Amino acid sequence: MTMITNNLPTAELQRLDAAHHFHPFTDRAALAEKGARVILRGEGCWLTDSEGHRILDGMAGLWCVNIGYGRKELAEVAARQMQELPYYNTFFQTTHVPAIALAAKLAELAPGDLNHVFFAGSGSEANDTNIRLVRRYWQVKEQPEKRVIIARWNGYHGSTLGGGSLGGMKPIHAHGGKIDGIEHINQPYWWAEGGDMSEDEFGLARARELEDKILELGADKVAAFIGEAVQGAGGVIIPPKTYWPEIQRICKKYNVLLILDEVITGFGRTGNWFAAQTFDIKPDIITIAKGLSSGYAPVGGSILSDDVAEVVGSGGDFNHGYTYSGHPVAAAVALENLRILQDEQIIEHVQNVAHPYLAERWAKLAEHPLVGEARLVGLMGSLALVPNKTKGAKFASEEGTVGLRARERCFANDLIMRHVGDRMIISPPLTITPAEIDTLIERATKSLDECYAGLQ
Ligand code: PLP
């Protein structure tokens, strides 16, 4: 068999890829027809593909390469750890130094009394852990009936059966169903769904759907509420500022645990270590992954409050864990990533570069004839593509047709932006410079112009 290397022609790599590689979230027939874009290497905010294009990565991979590509320190740490102890588990009263160090560092960085970390290999796994944790919590408290978890439509919490069930994405539920004991309420998406209400009124109304749902089910049946601080995969939907305080009031009133999914928003994305700090949320559990290692190694986890750790921990064995929970190489890489974020003051950089530099330029995109609203928090932003400037306006074509076209124009202009339906989103590496922001805005504008011209 031919050696498969970077030097093979693109068409041959694409042919082999389509023949043998079954991709996530991809239409296999479309892949076979068009071929996947083959990415060869990355440096900072830039990727190079097999055709030699230099592409500005406006999505930091899948919202994860927070420190940018090509940091050799992480490779060196991984190589060192692989030689010293490539693997050992953390089951059955054993541990190792990378897991200890990473857990202690996360306890230092996380707000409030979130002092205990249960490790997983990904965000989906961590959310599966959370399902078990909150149900176990109420079992130990002798309220085993308290097991329902309330989540939101159009939320995303991963694609394992548990994570996909917590998420409110119907196309995911349609492939394999969903587990029992998960209920969904509406999302706080004011621009499209708020009608005549003010943003603040709408935030309260949508939060109060949680109270209605708890009363409908009975507070003695509800274990937890889970939400992303800012919905990412749902289209970067930034909630009204009244939303989270009301959600917290309701959780407290009915003794419902609050799980904040920070898989995207953690590790600087919103201008603080955690969005819990940006939005003043005090969760019982935070889900982490992605930016924890900047995507250099697969690692995720759940950070637990003192109360959750003490209650679940007082029930004897917690019958749950993954072979790679606290994997030493992934833990060492994550720790080095956190060191870089901290020593290089990358979170302060996000604050400086996001507001006002990117914020002003992003807001200006709302003047484009194709854009209805432009939203941004820290370094995650969205544009709603619209046929006219009426709030909540939608194209007559099937949802996502225009978004897909805009994404293809971005691709052709060597900019990676993602589309969610007819929303365009960005989430670049946190190290992006003002000059790179200029390039991003220029390429996005050109792509929007071309997409708009194609619709006329
Ligand atoms: N939670 C949120 C908010 C996410 O955005 C994602 C992934 O995009 C996940 C969970 C799942 O993480 P993973 O893909 O690492 O399983």
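The following exchange examines selected features of this predicted model.

Me: Which residue of β9 is the bridge partner of Asp261?
Reply: Strand β8 (residues 257–261) and β9 run parallel and are joined by three bridges. Asp261 belongs to β8 by its number, and the bridge partner of Asp261 in β9 is Thr287.

Me: Which residue of β10 stands opposite Ile286?
Reply: On another edge, β9 is joined by four bridges to strand β10 (residues 300–305), and these two strands run antiparallel. The residue of β10 that stands opposite Ile286 is Ile303.

Me: Are the two faces of strand β9 covered or uncovered?
Reply: On one side of β9 (residues 285–288), Ile285 and Thr287 are buried. On the other side, Ile286 and Ile288 are buried as well. Both faces of β9 are therefore, with a residue counted as buried at 20 or more other C-beta atoms within 10 Å, covered.

Me: Which helix gives the most residues to the largest nonpolar core?
Reply: This core has 130 residues, of which Ile149, Val333 and Ala334 touch the most other members. The greatest contribution, nine residues, comes from helix α14 (residues 328–343).

Me: Which residues does Ala334 touch, not counting those up to four places away in sequence?
Reply: Ala334 is one of the residues that touch the most other members of the largest nonpolar core. With residues up to four places away in sequence left out, the contacts of Ala334 are Leu102, Leu292, Ser293, Ala297 and Val299.

Me: Which helix gives the most to the shell around the ligand?
Reply: There are 17 residues around the ligand, and Ser122, Gly123, Ser124, Gly158 and Val263 come nearest. By class, the shell has six nonpolar, nine polar and two charged residues. The most, three residues, come from helix α6 (residues 123–140).

Me: How far apart are the end C-alpha atoms of helix α16, and why does the value agree with the expected span?
Reply: Helix α16 (residues 401–412) has 12 residues. At 1.5 Å a residue, the helix should span 16 Å. The expected span agrees with the distance between the end C-alpha atoms, which is 17 Å.

Me: Which elements do the buried residues of α16 pack against?
Reply: The buried residues of α16 are Val402, Gly403, Arg405, Ala406, Arg407, Arg409 and Cys410. Just after the helix, Asp414 takes a positive phi of about 55 degrees. The elements against which the buried residues pack are β12 (380–385), β13 (415–416), β14 (418–420), β15 (423–426) and α17 (434–455).

Me: How many of the six residues of β12 are buried?
Reply: On one side of β12, Met380, Ser382 and Ala384 are buried. On the other side, Gly381, Leu383 and Leu385 are buried. The number of buried residues in β12 is six of six.

Me: Which residue in the turn between β11 and β12 has a positive phi?
Reply: Strand β11 (residues 371–377) and β12 run antiparallel and are joined by six bridges, with Leu376 paired to Gly381. The two strands form a hairpin with two residues between them. The turn residue with a positive phi, of about 55 degrees, is Gly378.

Me: Which residue of β15 stands opposite Ala384?
Reply: Four bridges join β12 to β15, and the two strands run antiparallel. Opposite Ala384 in β15 stands Arg423.

Me: Is Phe267 buried or exposed?
Reply: Phe267 has a place in the loop between β8 and α12 (275–278). Its phi is near 65 degrees, a positive value in a residue other than glycine. Because 29 other C-beta atoms lie within 10 Å, Phe267 is buried.

Me: Is Gln345 buried or exposed?
Reply: Gln345 is placed in the loop between α14 and α15. Although not a glycine, Gln345 has a positive phi of about 50 degrees. Because 11 other C-beta atoms lie within 10 Å, Gln345 is exposed.

Me: What is the omega of the peptide bond from His355 to Pro356?
Reply: Pro356 lies in helix α15 (residues 346–364). The peptide bond from His355 to Pro356 is cis, with omega near 5 degrees.

Terms used:
Residues are numbered from 1 along each chain as its sequence is written. This is a predicted model: local features need pLDDT of at least 70, side-chain atom pairs count only at pLDDT 80 or more; totals for chains, interfaces and linings use all residues. A residue is buried if 20 or more other C-beta atoms lie within 10 Å of its own, exposed if 12 or fewer, and partly exposed in between; C-beta atoms are placed from the backbone. Two strands pair if DSSP finds at least two bridges between them. A nonpolar core is a set of buried Ala, Val, Leu, Ile, Met, Phe, Trp, Tyr and Cys residues joined through C-beta atoms within 7 Å. Two residues are in contact if their C-beta atoms, placed from the backbone, lie within 7 Å. A residue is near a molecule or strand if its C-beta atom, placed from the backbone, lies within 6 Å of it. Ala, Val, Leu, Ile, Met, Phe, Trp, Tyr, Cys and Pro count as nonpolar, Asp, Glu, Lys and Arg as charged, and the others, Gly among them, as polar. The expected span of a helix is 1.5 Å times one less than its number of residues.
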